[in-house]
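The following paragraphs concern charged side chains, their pairing and their exposure. Please keep the model in view while reading.

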Amino acid sequence: MAVDYRESFDALERKWQERWEAERAFAAPPRPSGRGFYCLEMLPYPSGRLHMGHVRNYAIGDAVARYYRMRGFQVLHPMGWDSFGLPAENAAIKEGIAPARWTGDNIAHMGMQLRRLGFSYDWEREITAHHPDYYRWNQWLFLKMLERGLAYRSKRWVNWCRTCRTVLANEQVASGRCWRCDSAVGRRELEQWFLRITAYAAELDADLERLTGWPERVRVMQRNWIGRSAGARVRFPVLDRAGRPTPEALEIFTTRLDTIYGATFCVVAPGHALLARPGAASPERGALSEFLERMARREPPRPGEEPEEKEGIDTGLRVLNPYSREAIPVWTANFVLAEYGTGAIMAVPAHDTRDFEVAVRYGLPVRPVVVRPGAASAPGGRPEAAMTEDGVLTASGPYAGLPSAEARGAMLRAGEKDGCARGVVQYRLLDWGISRQRYWGTPIPVVYCDGCGIVPVPEEDLPVRLPADLSLTGEGGSPLARAAAFVGVPCPRCAGPGRRETDTMDTFFDSSWYFYRYTDPRNARAPFDAALANAWFPIDLYIGGIEHATMHLIYCRFFTKVLRDLGLVSAGEPIRNLLCQGMVLKGGTVMSKSKGNIVDPDEMVRRYGADTTRLFTLFAAPPEKDLEWSELGVEGCFRFLERVWRLFLPRAAALAAAPLPGPDAGADDPRRAALRRKIHQTIARVTVDIERRLHLNTPVAAVMELLNAAQDFERDARDGDDPYLKEAGRAIALLLQPFAPHVSEEIWSALGGAGSAAARPWPAALDPWLKEDEVEIVVQVNGRVRGRLRVTPSVPEAELLARARADGRVSAHLAGRAVRRTIYVPGKLLNIVV
């Protein structure tokens, strides 16, 4: 048997990979018959080559999947491809390669890379989003949403690339520019298809409390994105030219009804329906028209953003404050969005920072109506800044003197009685626009008929397939609109002339439910069998980047609730535990081609092997922290595996022939007892770190310490030691299985282990060997470490103090000084205060 690991790792890794595949070692049963564990990394886009961020993500998932298999769970650990998207179209335009071919080549290469790294995927469940047998179920789900009013077509402001002539999702806009062509992105009002995610806003928000296995940071990000606000909708009657109230009213939403007496103007979004009213024709009508035309030409802010320069203009309209009965002007401004809330706000400059900034700029009144507790009234003159916190009301009619919270309740009750206000809960979350003017995506299964309107494609006619021979030019607009054979079809309802929808779906649609398809990937009758999905769900561990917190991780929760209401799943949440792994850095920055700091995983595997590459990504940092790439660190992991190899492989025959020690063997030999104690303490430590803490770097460190102990034991080898060294070697082999599975298999096999290490039970620590015969006590003098003592755990404090005084390192700091007191932490520390 070869004893040089550097010459052997490539052959041995390929050998074990071939054996795993031949034995279907990682194939999951259709449903778990005992304890099931669903471990999943987020669906990757087949960009062409893995990067080290991929490797780290998948190594984390594979370590957990292998561990739980050895713990006796039936593990589902699948892999697939999020294979629709713009890069394939870009390649078709730039290089003349058909998107299907470009994507297929990339999948083949990346699949080969994943197999070479030895990840324990159930490849029999592989799914590919661009295959018709997958995207037909995208279309089926869309039609089910359409039936229930959850999919609809509407006009809305969207991100628009003028060069590509396509809608862009928010994540596809970087610094105001298109990620595809780098031209400036504007906003355009277009007819688009939307999914009514807002119908589930309240449940999406409330159920965050149930997600105790998610990072708090992600839950906070989602809570802020959903943006629940409890407040009131208030009707401000519109006044005619004579100042009389009309039946028409401007409705606004506010969470600070207690400040309404301080409202000195209202603001509506450019394009608000009120601006079409004849009353919006002040002497400055020309200025208003010019302002509105300029607003229409510029990019409106996206929800959650504000323009750098806030500007507005008086519309000439006046409304009546229903509480103060004061007539106040209506302005229009660039910081109010038509698609958020009612598209209108009441402005209270004294108690809102943005309103204060606008009022100061345009010389509008600032009227404080809330003061800090203890203040008799608001100070005279214009305040220097807005007071935004709660306080006590002043100058607020019958509500003066009430605390803010109490006043909000009283004012709402009065408003509901008078019909001018009502309590509501509002959400910042907007419906999800899924229309994309692209070729490489799921066709939207509807037909437009002049007589019948929008007609869904019958389910029996699914999938609506992408035409395979379409030429992509990059000239803009939807490529499908140029495919006459695709567009022109009979209306499914009346058989008259019809036109297919030529937009395709946002690829987030594909990735919002894919993890259910893994439970039943070849089902031709339904997206998946409900019984199979319910047997595996929710996902026990889902791994992916924090950047998905407010897109994919909200969309997939929404889809799960829809699927539940369709009767396809029973649980309302798809993910029990979420891990957001840190990024891989080099030189302090994220690896990227533009920075020239890419590390090629193929090169790492060629030089060091899959085990070393995997081991470093797990050992160098905790899973949730960023990892700084280090060639020295990689070399260190390789040398560690070499040391394992050199310790056990040269003497493998003798060790394999040796019996394992009995449970109590070696107790009377301090040397052997120390090794056995280290073996079982390491097993216990690694088990706790993986299962209870999901720490993966500290288990590797623990195995390294065990190897050191085994090497020390072997250097002083004596007759009869082989059983104890064999026990150490087998323990190391099994403990390494989640981290360096190929070396694990080779050591296990060489030491006479039966079958594959991946299929062996996780080692169990023997309780008697977990107890220390001696412990190390740190001795401090006035809080500074002066020595260390090895003692029995039950040593009395007085005896410990006497031994500390007798220790030369400690006594030097006690000479001539009286001991005032001692602080003793049993088994750990003695601090002598002098």
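A residue is called buried when its relative accessible area is under 20%, exposed when that area is over 50%, and partly exposed in between. By this criterion both Glu573 and Lys561 are buried. The model under discussion is a predicted one, and the accessibilities and distances quoted here are computed from it.

Side chains of opposite charge can pair when their charged atoms come close. In this structure such pairing yields 62 salt bridges. Several of them are followed here, beginning with those of Glu573.

Glu573 and Lys561 form a salt bridge, with 2.9 Å between the closest N and O atoms. Because Glu573 lies in the loop between helix 14 and strand 27 while Lys561 belongs to helix 14, this pair ties together parts that are 12 residues apart in sequence. Glu573 also forms a salt bridge with Arg557, where the closest N and O atoms are 2.8 Å apart. Here the loop between helix 14 (552-565) and strand 27 (578-580), which holds Glu573, is linked to Arg557 in helix 14, the two residues being 16 apart. Are these two partners buried or exposed? Glu573 has a relative accessible area of 7% and is therefore buried; Arg557, at 0% relative accessibility, is likewise counted as buried.

The contacts of Glu573 with Lys561 and with Arg557 belong to a wider arrangement. Salt bridges with shared partners join Glu203, Asp207, Arg210, Arg557, Lys561, Arg564, Asp565 and Glu573 into one network.

Another pair is formed by Glu691 and Arg71, whose closest N and O atoms are 3.1 Å apart in their salt bridge. Which parts of the chain does this pair tie together? Glu691 is in helix 19 (residues 670-691), whereas Arg71 is in the loop between helix 2 (52-70) and strand 2 (74-76), so the salt bridge connects parts that are 620 residues apart in sequence. Both residues fall into the intermediate class of accessibility: Glu691 is partly exposed at 33% relative accessibility, and Arg71 is partly exposed at 31%.

Charged residues also occur in a surface patch. Arg162, Arg165, Arg188 and Arg482 form a positive surface patch. Patch residues must have over 30% relative accessible area and no salt bridge. One of the members, Arg165, sits in the loop between strand 5 (151-161) and strand 6 (166-168). With a relative accessible area of 44%, Arg165 is partly exposed.

Notes
Residues numbered from 1 in each chain as written. Predicted model: local features only at pLDDT ≥ 70, side-chain atom pairs only at ≥ 80, totals over all residues. Heavy atoms only, no water. Salt bridge = Lys/Arg side-chain N within 4 Å of Asp/Glu carboxyl O. Helix = DSSP H or I, 4+ residues; strand = E, 2+ residues; numbered from the N terminus. Buried < 20%, exposed > 50% of the residue type's maximum accessible area, 1.4 Å probe, protein only. Patch = residues over 30% accessible without salt bridge, like charges linked within 9 Å, V, L, I, M, F, W, Y side chains within 5 Å. Areas by Shrake-Rupley, 256 points an atom, 1.4 Å probe, with all protein chains shown as cover. Lys, Arg positive; Asp, Glu negative; His and termini not counted. Charge placed at Lys NZ, Arg CZ, Asp CG, Glu CD.
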